[in-house]
Each structure stands twice: as C-alpha cells, then as structure tokens.
Amino acid sequence: MTYAIGVNDQKGLQTIYWGQRLEGPSTLVSAKAYPEAASFDPSVSATPLEYAGWGGGLPTQPALKISFPDGNRSLLLDYLDSKQTDGPNGDQLEITLRDRLAEVYVHLFYKVYATGILARWSQIENRTKGVITVEQAASATLNLPPSTSYELSSLTGRWGAEWQLHTVPLVPGHSVLESRRGSTSHQSNPWLAIGRTGETTETSGPVWFGELGWSGSWQIDVEQTYSHRVKITGGYNTFDFSYPLAPGQLLKTPIFYVGYTNKGHGEASRILHRFQQKQILPGAPTPKPRPIIYNSWEATEFNVNEAGQLALAEKAASLGVERMVIDDGWFGQRVTDHAGLGDWYVNQTKFPHGLKPVIDRVHQLGMDFGIWVEPEMINPDSDLYRKHPEWAMSFPGRPRTEARNQLVLNLARDDVKQYLLTFLDKLVSENDIAFLKWDYNRNWSEPGWDAVPLPEQKEIYVRYINNLYEVLAELRKRHPKLEIESCSGGGGRVDLGILRYTDEVWPSDNTDALDRLSIQDGFSQAYTPGVMVAWVTDVPNFLDRRNIPLEFRFTVAMTGALGIGSDVTKWTPDESALATRLVAFYKTVRSTVQQGALYRLIAPEASEQSAVEYVAEDRHQAVLFGFLHSQHYGEPFQTIRLQGLEPAALYRVKPLDPSKAPGLPQQITGSELMGPGISLHLIGDYDSTAIVFEKVDHK
C-alpha cells in the first residue's frame, strides 16, 4: 500500500492518500487545507487531519482532548518537525506536533513493516509548568477517500458465541466499536475492515483494515462526515477516562496496526496472519508450532486429584498427545469456584505428594506439563483476601459486584504486581512447568483505587494493563522456555497487545464442533490460526446438547491448534484408534495449518457446507478441509476450487479418506485444482474430510 501525508498551508498534518501502492514518480497533490463548507462546517472539520486536538471549532471526533489547570480545553496542534530512524524490523518516522500556545507536544510514530502493515501510535508530552489532564487520547486517526458505498465489518459476540462477523453499510454519523469492561471483551474485538459495497468480496476489492494492540478498555470510532469522508479514530476508551500529566510526564497510547489491500477480505486476513507470525508472537519471526495438548477441565472440572490426572495422562500419551495440562482445582481450598483464588499453593488433599509425581510421570510418557492459573483474581473466601482485602478492586463504602464468586485484583498497584510475579516465578521455578494457561474470568466493576490521590485514580485503566504486560514480560525473561495461553472465559482477551507475550489463545469456551466452524471462521478474519486453540470434547456438548461424530469434532479442531478435552478414559477402543490415527495425520499438516496461508473457500455462515484451505509458505504442501453439517434433497457437495497454489506444479494427492474424494487422480496440477476444481463425496449429517496436496518435486 501507499500512505502519504503532508503539512498543509495552516501547519496541519494532513492525510493525502491511503490506498493501493503507487509505483513510479509521485504525482500526488500537496497537502492543502480544505475550505469551509458553511459557518457550521469550518475548514478544520473538512480537512482530513492526521491527529486533531479538540479546538478551533472542530465538531468531529478529535484524537486528543485535554484540560488545562485554568479550565481551558482548547488544543490546536501544528506541525513542528519530523525525523526518520531505521530499525531492524522496518522504517520508523516520528512527527512532532505542538499546541499553538502551550508547551504541549504530541509525538506521532509511524512504523512500516515489510509484511504490509503500518503501525501508528502517539505520545503526549507535557512541558508546561502545571498539571494537564488528558481526557481523550487516540493512537491515530485514519482517513479514507470520500465514498458513499463503504461497508464496515466487525467481530462481536458474547460468552460462548464470540467472533461473529457482521458487515453493515456505513451511513453518516458514528459507528463505535468498544469495550468498557477493563479488558478486550467477548462483546467486541478491536479489529475492523472497511470495504466497498458491491465491490469488495473475500477474493477481490479494496479493504482498509486494522486492529488495536491493547488488552484493556478500548474504542474505535468510525465516523462518516457530511462530505462522505470516513475517519477512523482508535485508542483508549474515553468512558470514565482521565490521565493527569505533571510537568515533564508522558502518556503513550496503544499501537494501532493498519493495512490495505485490493484483493479482498481473504488477503487482508493473510496480511495480518503473516504480520503476527513475523513480528508479534513470542518467537517471531519463527514462532514454535503449537503442541497437541490434553486439558483435563471438561473431564474432571474441580474434581482433580493425583490418580485421576495420571490416568488421563496415560491415555492421552497413548493417543500421541504432546502436552498434559491440569486445569482449575489443583490449588488452595479449591473445591468449587467459591474459594481459593489467590492462594497458589498445591492442595495437599488432592495432591498429597505435591505436583512432582504427576509431572515426572507426564515426562516419562513423553509429554511436557502445563497448569491453569488465574493470577489477576481473588475469592473473598481466600487467605489472600483475608490478609489483603484492600488489594481487591472496589469503591470504598459502596456495594461491590462479584462475578463467578470472585473479585478483580487491582494490578495497577505495584505491590499486587510484585505478588503476582513472585508466586508465578515460584510456581514455575519449583516445578518443571512448560506452559501456563492464564485465565481471566470476569470483567471489571467498581474500578476504584483510593490508595492514590483522586486525580490519579482513573490511571487504573492504563497502569493495570501496563503492569500486566510487565509481569508477563519478566516471567518470560526469567523462564525463556515457558509458554503461555491467554484465556478469558474463552475469547475475552485476544488482541495484539496480549499476543506479544502469549503463544496461543482460547477463542471460546464453546467447544461444540458446529458452533466452532463459525467461531473459528470469524476468529481467522483477525488472527492467525496458529494461535487458535481448538479442542475435541465429549458429546452431547454442554451448551448445545448436540451429538456430533468424533471424526467431525476432530476435523474441525484440526483447522487450528489441536487439543483434546474429552474424558479419554471413557473412549471405546474404536474411538481411541480413530483418535490416534487423526492425531498422527494432524502432525503431518500442523506446520501448514498453523503457519501457512489461509483461504476461506466456503463460509460456514452462508451454507450447510464449508471448506477451508491452508497453503505452506513455500507452497510445498496444501491441506483442504471440507465440512457438511446436514444433507438436503440429496444435493452433491459443491465444486471446490483451491487457491494459492503454483499453477504449473504437480501435486500428489493424499486424502484422509479416499472414499470421500472419489475420482481424484493420484497426481494433479495446481491449475486443475484452482480451475476446474474437485468434488467431495460428503453426505448425510456431520460429514467431513481432509485432503493433503504435496508438490511432487519438493525435497
């Protein structure tokens, strides 16, 4: 893409162009402030400014709003200077704006990545002699060309129904995507894509897209102005927000990652996936493939003990599982969710010899060991709460809200941050733990912080998340081999902020295979499948009460990072044999699924049929997954045309079940797979299959 900016005749920093990459000598016009449309719509509202303060008659969404000690709230930001620095991962530009009268500076940062992503963030600096209060701070404002045919795609949902893709026409006014919940939220994810109605599809057409790297309360405002200009302003949520800056202090905003493609929503996703793999994830640019895990939660819930976990581990290892994870219930007085959070010592009744015998046996079975924690929460019925009730987030003297019988620890406090780091470091150091499933099972409420002066109490929204990042970063520094999963009752905290410190995420507590088809399809719009943990669990599923065949459940889970959560000790010999075969198959395609290019061929939301394809980065392998929910009128499965292959290459065909791909030759060219396509023989209810295509000449 090309992103062009300039300084106009009024010293304003102005967007000139954002769109398809321009080649050759530039003929773009110079930046020039637009004339006012009327006395009600002055020049400042018509000009596409890169970062506008609230002042000068601005009636549209500002990027920055502050209050001065004397009550003045006007801010006029003029261009001051710029400098360019070269970093190891891309070019970075810093542009400084200054208020026309006061010593308030805004540093705008632009970082370009070879993967096609532009990162933008801001830093507000107070050089006045008094305390100023930041009431609204965006990372960036982005301006699109004028059009009356834009449509906005976003990801919304709730617990158990995350990642629902919605696309609606943009109309004059504001469309606000946000979380006021203290964390990223199930309700809305900080990702958006804007296309053109009737022009943009999965495979073609313009798409402007972006996502915020922030794990707290956030807001993205999409505004269509009276002149059909669309401006996107994203950063901290303005609700209940204020941040005082004393002289010499700075406030840094989250990073807003944005991009453009003229090849449709599929290519927009692939650009984001590549960027996350190459730049964001721990281990980038070559993040470690996710191991196949067994997690004990749905098999045992809180009823965990040494004998039961060892029995599950023995069975999981026989299936080819690579990591054993003990979930909630191993610590403190944790018999139900009413007690124990905060008391991170091993429950001696359940594990009389500690965790070591279990961990040692897990290692003997050829697996590594992981464990569940929920560090940021506390039960009122816990030793920690009885010792430190002031650590729980609350407004003193006011009613407090419990959710799942727990309160939120105020991680903005440095003593709480130190407590979390100390117990986590001790837990990992004293046990051979390779993996932490880090859970977070409620939203904020009553976010009080009476331990600091009143003007600073609302800093909790920023300081909490920054302290969370510091704990994660320091823990990983002390334990370089440790891997971490971000879980929040499912997909409540998935964003490009937390993904810098965590290797995988739990997209939903809903493990019903049919629901997961659409949940995982929506997830893939914004995030790479390599971090998307997907379990095979027992039926009937606890949420939908559906009975779905084991092979279908496995095939759905194999389109992400495969895991198993069933009570495998109750599987029949036939089920165990099938699972062993499917686990072995997944290992042959894992790197392609987790780190390759994703092509959504048939969306599950629009049909009883769906199909998804993954192509390895060097295109030596492709894997196709096909799903049929239910049969109607005996109609055949639609022809599938693959994408992303080398047309002249010859591919060897390896179907998981040859009977479901009748007539396919043993070898076929990429052009045939992408042109005439292939037919699958899926019939009945809950039928599925997978086919591997490998380049014949690949070494």
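**Asn-8, the parallel sheet and helix H8**

In this predicted model, the side chains of Asn-8 and Gln-14 are joined by a polar contact of 2.9 Å. Asn-8 is placed in the loop between strand E1 (2–7) and strand E2 (13–19), and with a relative accessible area of 8% it falls under the 20% limit and is therefore buried. When neighbours within four places in sequence are left aside, the residues in contact with Asn-8 are Gln-14, Ala-31, Lys-32, Ala-33, Thr-47 and Leu-49.

Further along the chain, an open sheet is formed by eight strands in the order E26-E25-E24-E21-E20-E19-E28-E27, with parallel pairing. Its edges are strand E26 (504–505) and strand E27 (533–536), each of which pairs on one side only. Within the sheet, strand E20 (residues 323–326) and strand E21 (residues 368–373) run parallel and are joined by four bridges, and Arg-323 stands opposite Asp-368 in E21. Helix H5 (residues 356–364) lies across E20 and E21, and runs at about 140 degrees to E21. Helix H10 (residues 550–557) also packs on the sheet, where it touches E27 and strand E28 (561–564), and the direction of H10 makes about 170 degrees with that of E27.

Helix H8 (residues 460–478) comprises 19 residues and reaches 26 Å from its first C-alpha to its last, which is close to the 27 Å expected at 1.5 Å a residue. The buried residues of H8 include Ile-460, Val-462, Ile-465, Leu-468, Val-471, Leu-472 and Leu-475, together with Tyr-461, Tyr-464 and Tyr-469; Asn-467 and Arg-476 are likewise among the buried residues of this helix.

Conventions:
Residues numbered from 1 in each chain as written. Predicted model: local features only at pLDDT ≥ 70, side-chain atom pairs only at ≥ 80, totals over all residues. Heavy atoms only, no water. Helix = DSSP H or I, 4+ residues; strand = E, 2+ residues; numbered from the N terminus. Expected span 1.5 Å × (residues − 1). Buried < 20%, exposed > 50% of the residue type's maximum accessible area, 1.4 Å probe, protein only. Pairing = 2+ DSSP bridges. Contact = heavy atoms within 4.5 Å. Axes fitted to C-alpha atoms, helices over the stretch in contact; angles between N-to-C directions. Polar contact = N/O pair within 3.5 Å; in protein donor to acceptor, adjacent residues only side chain to side chain.
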